[in-house]
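Dear colleague,

I am passing on the structure we spoke about, and below it you will find my notes on what turned up when I went through it. Please read them alongside the model itself.

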Amino acid sequence: MNCKQNDFNIYGDDAEALFSVGRRFLNGNGLEKDLVKAHDLLSKAAALGHVQAKALLDTIDPGDTAVEEADEQLSADLREMLEYNKQFVKTRGYEKYVTSKFPDKKIAIVTCMDTRLVKLLPAALGLKNGDVKIIRNAGGTITNPFDSTMRSLLVAIYELGVNEIMIIGHTGCGVQGMDSQEMLHLMKERGVDDEHISLMKHCGIDLDSWLHGFDDTDAAILETVDLVKNHPLIPKDITVRGYIMDSTTGELTIKG
């Protein structure tokens, strides 16, 4: 049977044709392999009573078709990561990382989401998978006593056995000097409606304060240490200290 890549919708209720083209998409026989199209065609053929289509359909993992369907909207970088993940699981690369949910060192670290720290921070502190809880956000600070970072710390203490907290900022942090007005301007350039911004302000949300960065990293870290230490839900036996990490060398300096 001759068919073009985009002609697979012309077969209507011809179960045999649907099965034949679906199998070719599945195997990459004369057509570019496409699990989504294969699954669609074989499903239609099976619904029309085609026994072989039903048997072949059972060999396709719906999760694989979902990933392929999503791939069309994903960047090349993200598709590469998803493909790597498949191979990682297939080759059992996860085995050396297996551990429990409880941190072996009973320490929680609040730090910045900065890309330079992703591997540097654990390496500079000699951490392996399972040693500590790491909570990352923009700036590694806490400005609201009831935000998600504070909630995560409470879970770490009461559910996971943490008894020590490290607040780790770093040199050259992007949040230092961040301008809320500039961010609002960028939001509008990306299509966020003025009406939505105004609505948030009318609802009592101080966007200028919420989006504003800090002027001094050391001071911001010490303020976070103070907030956590004096939080009404933090037990007094929890040790909380502040640190600054050099974003290049990983050197850690105690701040309070």
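To begin with a single residue: does Pro-232 count as buried or exposed? Pro-232 counts as exposed, at 69% relative accessibility, where buried means under 20% relative accessible area, exposed over 50% and partly exposed in between, with a 1.4 Å probe and protein chains only. Pro-232 sits in the loop between α11 and β4, and its C-alpha lies 9.3 Å from that of Pro-145, although the two are 87 residues apart in sequence.

Before going further, please note that this is a predicted model, in which local features need pLDDT of at least 70 and side-chain atom pairs count only at pLDDT 80 or more, while totals for chains, interfaces and linings use all residues. Residues are numbered from 1 along each chain as its sequence is written, and side-chain values use heavy atoms, with hydrogens and water left out. Helices (H or I, at least four residues) and strands (E, at least two) are DSSP runs, numbered from the N terminus.

Helix α11, residues 217–229, has 13 residues and reaches 18 Å from its first C-alpha to its last, close to the 18 Å expected at 1.5 Å a residue, the expected span being 1.5 Å times one less than the number of residues. Its buried residues are Thr-217, Ala-220, Ile-221, Thr-224, Val-225, Leu-227 and Val-228. They lie on the same side of α11 because they cover an arc of only 165 degrees around the axis, taken from the directions from the helix axis to the C-beta atoms. These buried residues pack against α7 (148–158), β3 (164–170) and β4 (239–245), contact meaning heavy atoms within 4.5 Å. At the N-terminal end of α11, Asp-216 acts as a cap, with a side-chain oxygen 3.1 Å from the backbone nitrogen of Asp-218.

The largest nonpolar core has 20 residues, and those with the most contacts inside it include Met-150, Ile-165, Val-228 and Ile-234; such a core is a set of buried Ala, Val, Leu, Ile, Met, Phe, Trp, Tyr and Cys residues joined through side-chain atoms within 4.5 Å. At least two residues of this core come from each of β1 (107–112), α7, β3, α11 and β4, and α7 gives the largest share, five residues. Apart from this core lies another, of 16 residues, among them Ile-107, Met-166, Phe-214 and Met-245.

Helix α1, residues 15–27, also deserves a look. Ten of the 13 residues of α1 are buried, so this helix is largely enclosed by the rest of the structure, and what covers those buried residues includes α2 (35–47) and α3 (51–57). Just after α1, Gly-28 takes a positive phi of about 70 degrees.

Ser-247, in the loop between β4 and β5 (252–254), counts as buried at 8% relative accessibility. Leaving out residues up to four places away in sequence, Ser-247 touches Arg-116, Leu-120, His-170 and Thr-171.

Finally, the cysteines. The structure holds zero disulfides, a disulfide being a pair of cysteine sulfur atoms within 2.5 Å. Cys-112 is in none, and the nearest cysteine sulfur, that of Cys-173, is 4.1 Å away. Cys-112 is buried, with a relative accessible area of 4%, whereas Cys-203 is exposed, at 58%.

With best regards

Notes. Polar contact = N/O pair within 3.5 Å; in protein donor to acceptor, adjacent residues only side chain to side chain.
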